[in-house]
Structure formats: structure tokens, C-alpha cells
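Trainee: I have this chain open on my screen and don't know where to begin. Can you walk me through it?

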Amino acid sequence: MDKKDIYDDVVVGAGIAGCCGAFSLKQKGRRVLLVDRSGVPASGGSGAAGAFVSPKIGKGSTLQELTNEAYEYAKDFYTQNFPRHFYQTGIIRIPKDEDDAKKFGVYEEFNHSKYRWVDRDELHSKGITQEFDSFLFEEAGVCDAPAMCREIFESVEFRQFGVDRVSFDGECWSIIGSDNSKIYAHNVILSTGYENELFDMRYMGVRGTWGSRGDYYSNLDFKVSIHKKISISANIDGIIKLGATHNKSKNPCRVCDGYPLKMLEDEAKSMIDSSDLVLKETFCGMRAGSKDYFPLVGRVIDSEYMLREYPKITRGLKVEPVYLNNIYILNGLGGRGFVFAPLMSKWLSELIVDAKEIDERVSPDRLFLKWCRKAFR
């Protein structure tokens, strides 16, 4: 094997996580290859995302703080690198009901992103048939999900490649396809979404949630994006996007009875004049999330080795983790994939290239010992 044939990094999975991961590593001067079994990016959950880039409101939880740190980074990342597919329409966050409206006053203390209040009269002037005072985040916006992923992945080397298995020879990884063709890399980054069959990563608890989005033709003069129970985008080039549902069923088509957008359309009627919306296209896909809703970014623990060598970890023994050689994960971004992906990719590239440790909030290590105790009790 000629060393010139060995990539520094191979990223598996071309959703928004994998695309941003490959881009960030390339920015670090790495020789990177992005692979996906599909020939196009965002063929799964990322393509079905509402792709809103907005802050999280609340009472200052750790997840809120992380999300809003990622939001500030993401909006700068998209405007500086891929502005054609990021539309800073502003996003109005509308209370769900009267009880939720009362909480918005409490949320102000923890709301450090740039915003202003909009009252009932201003909402109505914008074509929004809602009554509660709301937050307007004027710098927030929405991505064209498939187009954004496509432009990012076109900036890196890509190959359509279905990964069947991987093997480490002491120097590098062989990434092996179903036809036994091989790609060689020093590092493998897994951005495979809810599917994780290459290694035992049960401790991370990655789970899938089906989401649906509809793109609709419309002549409605609607200039701002809004979020209540669902997201409704501004009218961008004659298209309004409704999304995204969160269906935990393993058989989503049975649940929606062949009409995945009904809930979205019903909700939209209560928020805007949706009478001229004509469906252009439906997107459905499975997004991946973690047990605690925090992203999964960093090294992958060698679960088999740990359980064999330290059987008492199932009873609470604390030991330093042993990791799989040069295997990393960038996954579990949940429903805010387009918010989290740029910053999480930056952090992962800094771990791989600069040996800068991953933020504990997103390190998968946080889940291992708890899983050992629970799974083998």
C-alpha cells in the first residue's frame, strides 16, 4: 500500500454533521474523504430538517447554554462560508399558550442572544394570527437543507461508498465496501446518523426520530420565519417550508396513514393565511439524537475491551476509558443539527489535529459507566 493512498481522515455519512466535519478537517489542512452510500448529501434526516438556525429559550440549562453557543457560531459560519443557502429572515418564537407566555418574561434573564419583543399588533402586521407577545431573533434564519449540505460537500472530496466493515492493521484503517473495495485512512469519523453497525456503540444510546417537512409554492408576502409547535419559514423565492414533525414510531407511515404533513398543515392554518399553499415536495427522514439530547462528539470507547478487562465496571468501578484506535464520532445532533454541526465539527477537528480535549458536555464518555451499570445489572 502506497502511503499517498492513505487519507488523513475518512468521514462516513454526508448529512449536515458529516459535511461540516469534513469541511472543518479540510480547513485544518487535512486530506479528507467524505463517503456516503447515497450519491447525494442529506439523503436522510438532514434533508427532512426544518433547518432553522435559532437560539434555544429557557431558564438557563446547560443544554440551553450549549445550544446558544453553537447558534452564535453557526450563523457566523454560514454567513461567512455558505451565504447562498442561509437566509437571515429573523425568527419569531411564539408562546404555545397562555401559561407558556407567562414564562417568556422569566426567560428574558437567560436570553443572551440578540432579540426584541414583538406584540400582538406587530404580529398581525406581519401576517401572523397569534395573540401573545413573542421574541424576535432578527439574526436567526433558515437554511435550505439539501442545498446547504450539497454546497458544503462539493467543497470536499466525496465518494459514493457503502461501508460494510472496517479493519485496523496497526498503521491505518481499511474501510471496506460490500464489493470488498477498500479505502485507507488514519482516522475514521462516524456521522452515520441513527445507524451504528460498525462498532459497539450501544452506550451512546443513539436513537432515531422521524421528521417530515413540506415545501409549498406560495404567493403570500411573508417575510419572517416563525416557530411555535411547528416551524414556518418566510417565503423564500416563492417557497414556504413547513416542518418538522417528531415521530418516534418505528413505522411512521402507518402512524401518519400516508399523509405525513397533515399535522403541519393544520397547525399552519392557525398561524398564517395558508390558503394558497400548494405542495411542491415532501421530505421525510430519521434524525439521530442522544439519550440526554446533547451531541455526541469525540473518541469511541472500546466497550468490548473494557467489559472484558474490567468486569466490575458493571457494578460501579470507575476506570480510565480505553478507546478504539483513531475512531471518532460526530453524531446525535438531534432536531438542531444545523445549529450544532458547525461548532461540533470545529471541536472535533481540534481534538484530532491539535489534541485539544473535547468539551465534557458533548463527550460520549459521559454515558459509558451509566450504561454499564444499567445494561448489566
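Mentor: Let's start with a loop. Serine 274 sits in the loop between α7 (262–269) and β17 (278–289). Keep in mind that this is a predicted model.

Trainee: Does serine 274 count as buried or exposed?

Mentor: Serine 274 counts as buried, because its relative accessibility is 16% and the cut-off for buried is under 20%.

Trainee: What is serine 274 in contact with, leaving aside neighbours within four places in sequence?

Mentor: Ala268 and Lys269.

Trainee: Another loop, then. Where is tyrosine 293?

Mentor: Tyrosine 293 is in the loop between β17 and β18 (296–301).

Trainee: And is tyrosine 293 buried or exposed?

Mentor: Tyrosine 293 has 54% relative accessibility, so it counts as exposed. The cut-off for exposed is over 50%.

Trainee: Which residues does tyrosine 293 touch, not counting those up to four places away in sequence?

Mentor: Tyrosine 293 touches Leu63 and Arg207. Also, look at leucine 333: it is 40 residues from tyrosine 293 in sequence, and the two C-alpha atoms are 7.7 Å apart in space.

Trainee: Changing topic. How many residues does the largest nonpolar core have?

Mentor: That core has 60 residues. Val53, Tyr78, Phe338 and Met344 have the most contacts inside it.

Trainee: Which helix gives the largest share of this core?

Mentor: Helix α9, residues 337–354, with ten residues.

Trainee: You listed Tyr78. What is tyrosine 78 in contact with, beyond its neighbours within four places in sequence?

Mentor: Its contacts include Val53 and Phe338, which you have just met, and also Ile16, Cys143 and Pro342. Pro83, Phe86 and Met148 are on the list too.

Trainee: What about the other core, how many residues are in it?

Mentor: It has 32 residues and lies apart from the 60-residue one. Among its members are Met306, Ile313, Leu367 and Trp371.

Trainee: Back to α9. At what angle do α1 and α9 pack?

Mentor: Helix α1 (residues 16–27) packs with α9 at about 40°, and their axes are 8 Å apart. That angle makes α1 oblique to α9. The crossing of α1 past α9 is right-handed.

Trainee: Which residues of α1 meet α9?

Mentor: On the α1 side, they are Ile16, Ala17, Cys20, Gly21, Ser24 and Leu25. The α9 residues they meet include Phe338, Ala341, Pro342 and Lys346.

Trainee: How do the residues of that contact divide into nonpolar, polar and charged?

Mentor: Between α1 and α9 there are nine nonpolar residues, five polar and one charged.

Definitions and conventions
Residues numbered from 1 in each chain as written. Predicted model: local features only at pLDDT ≥ 70, side-chain atom pairs only at ≥ 80, totals over all residues. Heavy atoms only, no water. Core = buried A, V, L, I, M, F, W, Y, C linked by side-chain atoms within 4.5 Å. Buried < 20%, exposed > 50% of the residue type's maximum accessible area, 1.4 Å probe, protein only. Helix = DSSP H or I, 4+ residues; strand = E, 2+ residues; numbered from the N terminus. Contact = heavy atoms within 4.5 Å. Axes fitted to C-alpha atoms, helices over the stretch in contact; angles between N-to-C directions. Parallel < 35°, antiparallel > 145°, perpendicular 65-115°, else oblique. Left-handed = near helix turned anticlockwise from the far one by under 90°. Nonpolar A, V, L, I, M, F, W, Y, C, P; charged D, E, K, R; others polar.
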